[in-house]
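Hi everyone, thanks for coming. Let me put the structure up on the screen, and then we can walk through it together.

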Amino acid sequence: MADQSFQVDLRGVVDLLSRHLYSSPRVYLRELLQNGVDAITARGGGPGRVRIETGPGELRVHDDGVGLTEDEVHRLLATIGRSSKRDELGFARHDFLGQFGIGLLSAFLVADELEVVTRSARGGDPVRWIGYSDGRYRVEPAERAEAGTTVTLRARPGAGELLAPGTVADLARTYGSLLPFPVTVDGREVTGGGPPWLAAHPTPARRRRALAEYCRELYGFEPYDMIDLEVPEAGLTGVAFVVPQQVSPGARGAHRVYLKRMLLAENVEGLLPDWAFFVRCVVDAGELKPTASREALYEDELLESTRQALGERIRQWLVTLAETDPARLRGFLRLHHLGVKAMALHDDEMLRIVDRWLEFETSAGPMTLAEFRRRHPDGRYTADVDEFRRLSAVSGAQGVGLVNGGYVYDTEIIERLPRIDPDAALRRLDPAELTTHFGVLDPGTELALRPFLAVAQRAVESLGCEVVVRDFDPASLPALYLTSRAARHQEELEEARRQADELWADVLGALSRTGPADRPQLVLNHRNPLTRRITALTEEGLIEVAVQGLYGQALLLGRHPLRAADTAVLNRSFLGLLDWAVHKPGVAE
Ligand SMILES: Nc1ncnc2c1ncn2[C@@H]1O[C@H](COP(=O)(O)OP(=O)(O)OP(=O)(O)O)[C@@H](O)[C@H]1O
């Protein structure tokens, strides 16, 4: 039996395109415009033009391009997926916008009937082709004096709005305003002077003003700065506008991309590295490829290297700013420090900028890391905001400089510092080491406190902490709860064991027995007047509630999580102290 050919259900294909390929039926105009442009390119020579005319329920697109012979009409228009814009090997020829051979079908998104009258510039008689959305078509002789093509669409019921004069003018301007030859809609030209960033201006200042105006029109903001972009191997030119307000780093960078002067889309992703979220670009590229929907960039090696080149350009802008205009750089950093920090994780030059220009929170107030290292050669950092809050006053008062590395990227940045300066290593603070900075009491006082300490220890024994008395600044702090990292781990194990079933409790129990018991400490401050009065108490019951009160207060102050047992002790001590206060001699019953 002879081989048969596939049959295509055109309605099914159009339905597929409209639901899954194109984001909106508005693309029909882009495809028609693009075919006109390609036909003009294929003809070569003199400047061509595309004329679009609207009429009641009808749209005509005329071009004075290369046209089609009758033979080509059968071969190209009536075969889905066939295109004249590929070479013998099937590769898209790079001077054309089209490549897939499906664009014309998009006319069926808005029309049931499509008419093409064409005359080839290479000779032959003019022909008329009429295609219907159900897949039928016919070809007949036609009249046409000049080479070129006229495509006529008759609006499908309900699609009239998409073919209305205002809509068509808008669409033509959106997609085609940068095209290098005239495009008119009902006689009005929608094309202008080409890409604004390539336009000539009498002075650089005038150019800046014109581009700022362009940015306002496009994006609605006054750019903080602008960066000219150029990547020759991608045939790319354009401009990046620095956004003048904070941008969430999670926001996908969306850029306006033209390919060969036709708009690809207004929100193209993947053009820049993710870290460059603080700019909005407008670019025109001749060599980058679209996806079949022609609404996104096709991810290939060229796009990858273009992305890198554009990232390098933006990085260079920052480095130059640091060298030439520090005040402007500081202003930029106030807005976009997150982006810059993200860059610094991969880039030593950016790390240097962060080190020199970005202020961090430290125990001695806000300052740059470079300044902090100069003042505190033996400084420390914390990787946790709460830990910083808890310890900065104490460590600061003790002369141990502390940087808050608890915000996004900060710890990684601090840990990367030795890459740019081998002496720049900051050590992470282990709270346990702070106790060594606490002044030890003189032996006499120490001895006198023994009985007190024994009672105090009993009061918090069941809570798993150890009471010590030290002499430290700031004197206003009565007590401090210190957990070393090892102790914290131990606590978490204990907590897990309390909640786990028997099998796991055994496993966790075995874990927690390894290593020396490194218990959290309740450090009472002998320099604090209240604490000193408490250490002088003799009544055991009162010592217990007072120490438990200090314990609870230290937990709250340090924002430590409260366990059930802690809350119970806190309540008991509060009520005990209250009870003691109202029963004190001199208070009337
Ligand atoms: N205005 C026109 N003038 C001359 N030839 C045209 C015109 N419109 C369409 N054609 C011919 O019809 C073929 C199919 O057009 P169609 O728009 O479907 O696909 P394409 O432009 O080749 O690729 P794509 O699907 O990427 O747009 C084109 O390759 C071209 O040869």
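Let's begin at the hairpin of E1 and E2, where two residues sit between the strands and Gly-57 takes a positive phi near 65 degrees. Please keep in mind as we go that this is a predicted model. Strand E1 covers residues 50-55, and its pairing with E2 is antiparallel, with six bridges. If you look for Gly-55, you will find Glu-58 of E2 standing opposite.

Stay with E2 for a moment, which is residues 58-63. Which residues make up its covered face, and which its uncovered one? The covered face has Leu-59, Val-61 and Asp-63. On the uncovered face you see Glu-58, Arg-60 and His-62. E2 also runs antiparallel to E6, and six bridges join those two strands. One residue of the covered face, Leu-59, has Leu-153 in E6 as its bridge partner.

Now, Asp-63 comes back in another role. The UniProt entry, which is unreviewed, lists Glu-31, Asn-35, Asp-63 and Thr-149 under "binding site". Those four span 119 residues in sequence, but no two of their C-alpha atoms are more than 14.3 Å apart, so they gather at one spot.

Let me take two of them in turn. Asn-35 has its place in helix H2. Is Asn-35 buried or exposed? There are 24 other C-beta atoms within 10 Å of Asn-35, and the threshold for buried is 20 or more, so Asn-35 counts as buried. Leaving aside residues up to four places away in sequence, Asn-35 touches Gly-98, Gly-103 and Leu-104.

Thr-149 is in strand E6, which is residues 148-155, and that is the strand we just saw joined to E2. With 22 other C-beta atoms within 10 Å, Thr-149 is buried as well. The list of contacts for Thr-149, again without residues up to four places away in sequence, is Ala-39, Asp-63, Gly-65, Gly-67, Leu-68, Val-116 and Thr-118. Notice that Asp-63 is in that list, and that UniProt names Asp-63 alongside Thr-149.

That takes us to the ligand. How many residues surround the ligand? There are 23, and the closest are Ala-39, Ser-83, Ser-84, Gly-98 and Gly-103. Some of those names should sound familiar: Gly-98 and Gly-103 are touched by Asn-35, and Ala-39 is touched by Thr-149. Helix H2, residues 27-43, and helix H3, residues 70-77, each supply at least two residues of the shell. H2 gives the most, with five residues. For those of you who think in chemistry, the shell has eight nonpolar, eleven polar and four charged residues.

Let's zoom out to the whole chain. The division is domain 1 at 10-189, domain 2 at 196-315, domain 3 at 326-429, and domain 4 at 435-484 plus 520-583. Between the C-alpha centres of domain 2 and domain 3 the distance is 32 Å. Eight residues from domain 2 and ten residues from domain 3 take part in their contact. On the domain 2 side, that breaks down into five nonpolar, two polar and one charged residues.

Before I finish, here are two loop residues with a backbone detail worth a look. Asp-186 is not a glycine, but has a positive phi of about 50 degrees. You will find Asp-186 in the loop between strand E7, 183-185, and strand E8, 188-189. Asp-186 has 12 C-beta neighbours inside 10 Å, and the limit for exposed is 12 or fewer, so Asp-186 counts as exposed.

The other one is Lys-260, also not a glycine and also with a positive phi of about 50 degrees. Lys-260 is in the loop between strand E11, 255-259, and strand E12, 262-268. Is Lys-260 buried or exposed? Here the count is 23 C-beta neighbours inside 10 Å, so Lys-260 counts as buried.

Last stop, helix H1, residues 10-21, which holds Gly-12. Gly-12 counts as exposed, with 10 C-beta neighbours inside 10 Å. From Gly-12 to Val-117 there are 105 residues along the chain, and their C-alpha atoms are separated by 26 Å.

That's my tour, thank you all for listening!

Technical notes
Residues are numbered from 1 along each chain as its sequence is written. This is a predicted model: local features need pLDDT of at least 70, side-chain atom pairs count only at pLDDT 80 or more; totals for chains, interfaces and linings use all residues. Domain bounds come from an automatic or database domain assignment. Two residues are in contact if their C-beta atoms, placed from the backbone, lie within 7 Å. Ala, Val, Leu, Ile, Met, Phe, Trp, Tyr, Cys and Pro count as nonpolar, Asp, Glu, Lys and Arg as charged, and the others, Gly among them, as polar. A residue is near a molecule or strand if its C-beta atom, placed from the backbone, lies within 6 Å of it. Helices (H or I, at least four residues) and strands (E, at least two) are DSSP runs, numbered from the N terminus. UniProt positions are given in the numbering used here, feature names are shortened, and annotations may be inferred rather than shown by experiment. Two strands pair if DSSP finds at least two bridges between them.
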